[in-house]
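Biologist: I am new to this structure, and I would like a close look at one part of it: the pairing of charged side chains. Please start with the words I will need, then show me how that part sits among its surroundings.

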Amino acid sequence: MSMREFDVVVIGAGVAGLNAATTAARHGLSTLLVDSLGAGGQIGTVDRIENFPGPSEGVAGYELGPMLQIQADEAGVELMLDTVERVAADGDGFIVTASEGEFHARAVIVAAGSVRRKLGVEGEEAFEGKGVSHCASCDGPILRGRQVCVVGGGDSALDEALSLAAHVAKVVIVHRGAEPTARRSLVDKCQAEEAIGFLAHTEVEAICGDVGVSHVRLRSAAGDVRDLPCHAVFVYVGLEPAAGFLGELVRRDGDGRIAVDLGMNASRPGIFAAGDIRSQSVAHLAASAGDGVTAAISAARYLRLGVKGDSTAAGSQLQKDAI
């Protein structure tokens, strides 16, 4: 059986990947979009998204993903549910190896996003799915009347705390700093919610229980240890780039994210990156959508003209292509 060939393979079907795939297909490129979770990627578990243009009350991630998929389908994008294991150079193109087959691509757009960082503490693995969770909208309703713990002080942690507060009796947000790092509007909302409390300068040392989670062991910056009763722990302590399948194919920054220029070109000609997997990303959905469009237009220019880079001339051509 011969290997299927595409002009562009887009890895990751989040906001960046869906916009990249749609734009590439609209530029006449045969486009394959690969993701293990389906359209929307990780945003499918988010109850309310407020950092994407749209209704003032926000939009649910499980609604946004399918909306963007409809655009991709209409543009002619082929979506495949699979996990990419490796991308390797093959002459002027690339071999993309997934768990169920291989594909040849003339260009690759990497929009695989990030994976959630683990706490790395005792009990985290043992209670995964039995009290340790990453989806407030999934598990909040079954925890009605209980006390839960959210670990982390960023946007995701506080977003999920607000979602949980609609169901549970008490949400305790545990974070390491003096103040949460989330945007001010989210902090204000959480502080105004009676069901939400904060524990600053505190880390989780262990997640404990028998059949399920019963409490977390906490250590303060001063070294004091205490147990906090809770029935579930929601972990949101940051993200790591999901770029292991690239190996040493492209240059990365100190955080492991793909180094790109203004056109989303990676160091290897023919590879582009978009969204929070690329260096200097602001990790904002609206910005990720723009990254995807930029990467696709750059890929189209690369395949048509062999142009790569962020020189003034290249930037001018990019603007012309976008019109």
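Modeller: Happy to help! A residue is called buried when its relative accessible area is under 20%, exposed when it is over 50%, and partly exposed in between, using a 1.4 Å probe and protein chains only. By that scale Arg219, at 35% relative accessibility, is partly exposed.

Please keep in mind that this is a predicted model, in which local features need a pLDDT of at least 70 and side-chain atom pairs count only at pLDDT 80 or more, while totals for chains, interfaces and linings use all residues. Residues are numbered from 1 along each chain as its sequence is written, and side-chain values use heavy atoms, with hydrogens and water left out.

Now to the charged pairs. Side chains of opposite charge can pair when their charged atoms come close. Here a salt bridge means a side-chain nitrogen of Lys or Arg within 4 Å of a carboxyl oxygen of Asp or Glu, and searching the whole structure turns up ten of them.

Let us stay with Arg219, whose salt-bridge partner is Glu205, with their closest N and O atoms 2.4 Å apart. Arg219 belongs to strand β13 (residues 213-220) and Glu205 to strand β12 (residues 202-209), so this pair ties together parts that are 14 residues apart in sequence. Strands (E, at least two residues) and helices (H or I, at least four) are DSSP runs numbered from the N terminus. Like its partner, Glu205 is partly exposed, at 32%. On β12 you can also find Cys208, which is buried at 12% relative accessibility.

β13 has a further neighbour: strand β14 (residues 225-229) pairs with it in the antiparallel sense over five bridges; two strands count as paired if DSSP finds at least two bridges between them. Across this pairing, Val216 faces Leu228 of β14. The two strands make a hairpin with four residues between them, and Gly223 in the turn has a positive phi of about 95°.

Other salt bridges reach across longer stretches of sequence. Arg4 and Glu78 meet in one, with 2.7 Å from N to O. Because Arg4 lies in strand β1 (residues 4-11) and Glu78 in strand β3 (residues 78-81), that pair ties together parts 74 residues apart in sequence. Both ends are partly exposed: Arg4 has a relative accessible area of 36%, and Glu78 has 27%.

Asp7 and Arg106 form another salt bridge, with 3.0 Å between the closest N and O atoms. Asp7 is in strand β1 and Arg106 in strand β6 (residues 101-110), so to picture the link, imagine distant parts of the chain, 99 residues apart, brought together. Here the two ends fall into separate classes, since Asp7 is buried at 16% while Arg106 is partly exposed at 36%.

For contrast, let me end with an acidic residue on a helix. Asp291 sits in helix α6 (residues 285-305) and is buried, at 6% relative accessibility. Leaving aside residues up to four places away in sequence, Asp291 touches Met264, Ala274, Gly275 and Arg278, where contact means heavy atoms within 4.5 Å.
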